[in-house]
Amino acid sequence: MKSVAIFCGSRTGASDVYIEDAKAVGQELAKRNITLIYGAASVGVMGAVADSVLENGGHVVGVMPEFLKRKEIVHPGLSELIIVDSMHERKAKMADLADGFIALPGGPGTLEEFFEIYTWAQLGLHQKPCGILNINRYYDPLISLFQHMLKEKFLDEKFRHMALVDDEIDGLLNQFSTYVPPKIKTYLQEDQT
């Protein structure tokens, strides 16, 4: 694993633990020589992860749409900044650059980014690991929702296990290193047989 895209909030959250653990994520990425791919902001959880990677000698690639560059605070110390035209292009570029994807605590934008890439994995558009770092039990309600989806037959067991979950970044990255994607049979493939 050479690069990981992190989806997370541009806010700091209600507890100091979100920033503390974001810094631990950055330290672990730098230690493992894994490039951070993220949304290029210098604030909130996003900024804390990027700062920590850079402070620990790591490489950070930020991807930001032109219209947000004028509104958001672009991190001034990035190893590389890629400016794109739209949010769709931003997500596609991050997906191309990353070998895996992790959601840290964040709001609706974080969930939207994570679920799009997770859905792409279910459709067989990529075979990269998708993880949820459950800092401060933030994602407990989402993990419960996955179980509810399984129970109500809106999610298959093999797809549920495509969303790797851990409370610690080293544990999640260790899961990434042993991840084997399930065999995907899409509706399109079924129609062709």
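This report walks through a predicted model, from its nonpolar core to its empty spaces and a few single residues.

## The nonpolar core

Let us start on the inside. The largest nonpolar core has 61 residues. Within this core, I6, L29, L36, I102 and L104 touch the most other members. Helix α2, which covers residues 44-55, gives the most to the core, with 6 residues.

I102 is a good residue to click on. Setting aside neighbours within four places in sequence, I102 is in contact with V4, A5, I6 and F7. The same list of contacts also holds G131, L133, I169, L172, L173 and F176.

## Helix α1

Next, find helix α1, which runs over residues 16-31 and has 16 residues. From its first C-alpha to its last, α1 reaches 23 Å, close to the 22 Å expected at 1.5 Å a residue. An α-helix has 3.6 residues a turn, so residues three or four places apart point the same way. With that in mind, look at the buried residues of α1: Y18, I19, A22, V25, G26, E28, L29 and A30.

What covers these buried residues of α1? The cover includes three strands, β1 (3-7), β2 (35-38) and β6 (130-133), along with helices α2 and α8 (169-178). After α1 comes N33, whose phi is positive, near 60 degrees.

## Two buried residues of α1

Is Y18 buried or exposed? Y18 has a relative accessible area of 11%, so Y18 counts as buried, since the cut-off for buried is under 20%. Leaving out neighbours within four places in sequence, Y18 is in contact with T12, G13, V45, P105, I135, N136 and Y138. One of these partners, I135, is 117 residues away from Y18 along the chain. Even so, the C-alpha atoms of Y18 and I135 are separated by 6.7 Å.

E28 also sits in helix α1. Its relative accessibility is 12%, and therefore E28 counts as buried too. Which residues does E28 touch, not counting those up to four places away in sequence? The answer is I169, D170 and L173.

## An enclosed cavity

Now for the empty space. Rolling a probe the size of a water molecule over the atoms shows where empty space is left. How many cavities of 30 Å³ or more are there? The count comes to 1 cavity, and about 50 Å³ of space lies in the largest cavity.

The largest cavity is lined by F7, K91, M94, A95, F101, E113, E116, I117 and W120. The elements that give two or more residues to this lining are α4 (87-97) and α5 (108-122). Of the elements, α5 gives the most, with 4 residues. By class, the lining of the largest cavity has 6 nonpolar, no polar and 3 charged residues.

## The largest pocket

About 440 Å³ of space lies in the largest pocket. This pocket is lined by 27 residues, and C8, G9, S10, M46 and T110 are the ones that lie nearest its centre. Four elements give two or more residues to the lining of the pocket: β1, α2, α4 and α5.

Which element gives the largest share of the lining of the largest pocket? That is α5, with 5 residues. Sorted by class, the pocket lining has 13 nonpolar, 9 polar and 5 charged residues.

## Three loop residues

To finish, visit some loops. R137 lies in the loop between β6 and α6 (140-151). R137 is not a glycine, although its phi is positive, about 60 degrees. With 58% relative accessibility, R137 counts as exposed, because exposed means over 50%. K153, in the loop between α6 and α7 (157-160), has a positive phi as well, near 65 degrees, and is a residue other than glycine. The relative accessible area of K153 is 72%, so K153 is exposed.

H161 is in the loop between α7 and β7 (163-166). Its relative accessible area is 48%, which means that H161 is partly exposed. H161 and A92 are 69 residues apart along the chain, and their C-alpha atoms are separated by 23 Å.

Technical notes
Residues numbered from 1 in each chain as written. Predicted model: local features only at pLDDT ≥ 70, side-chain atom pairs only at ≥ 80, totals over all residues. Heavy atoms only, no water. Core = buried A, V, L, I, M, F, W, Y, C linked by side-chain atoms within 4.5 Å. Buried < 20%, exposed > 50% of the residue type's maximum accessible area, 1.4 Å probe, protein only. Contact = heavy atoms within 4.5 Å. Expected span 1.5 Å × (residues − 1). 1 Å grid on protein atoms, 1.4 Å probe; cavity = no way out; pocket = protein on both sides within 12 Å on 5 of 7 lines; lining within 4 Å. Points joined across faces, edges and corners; volume = space filled by probe spheres on them. Nonpolar A, V, L, I, M, F, W, Y, C, P; charged D, E, K, R; others polar.
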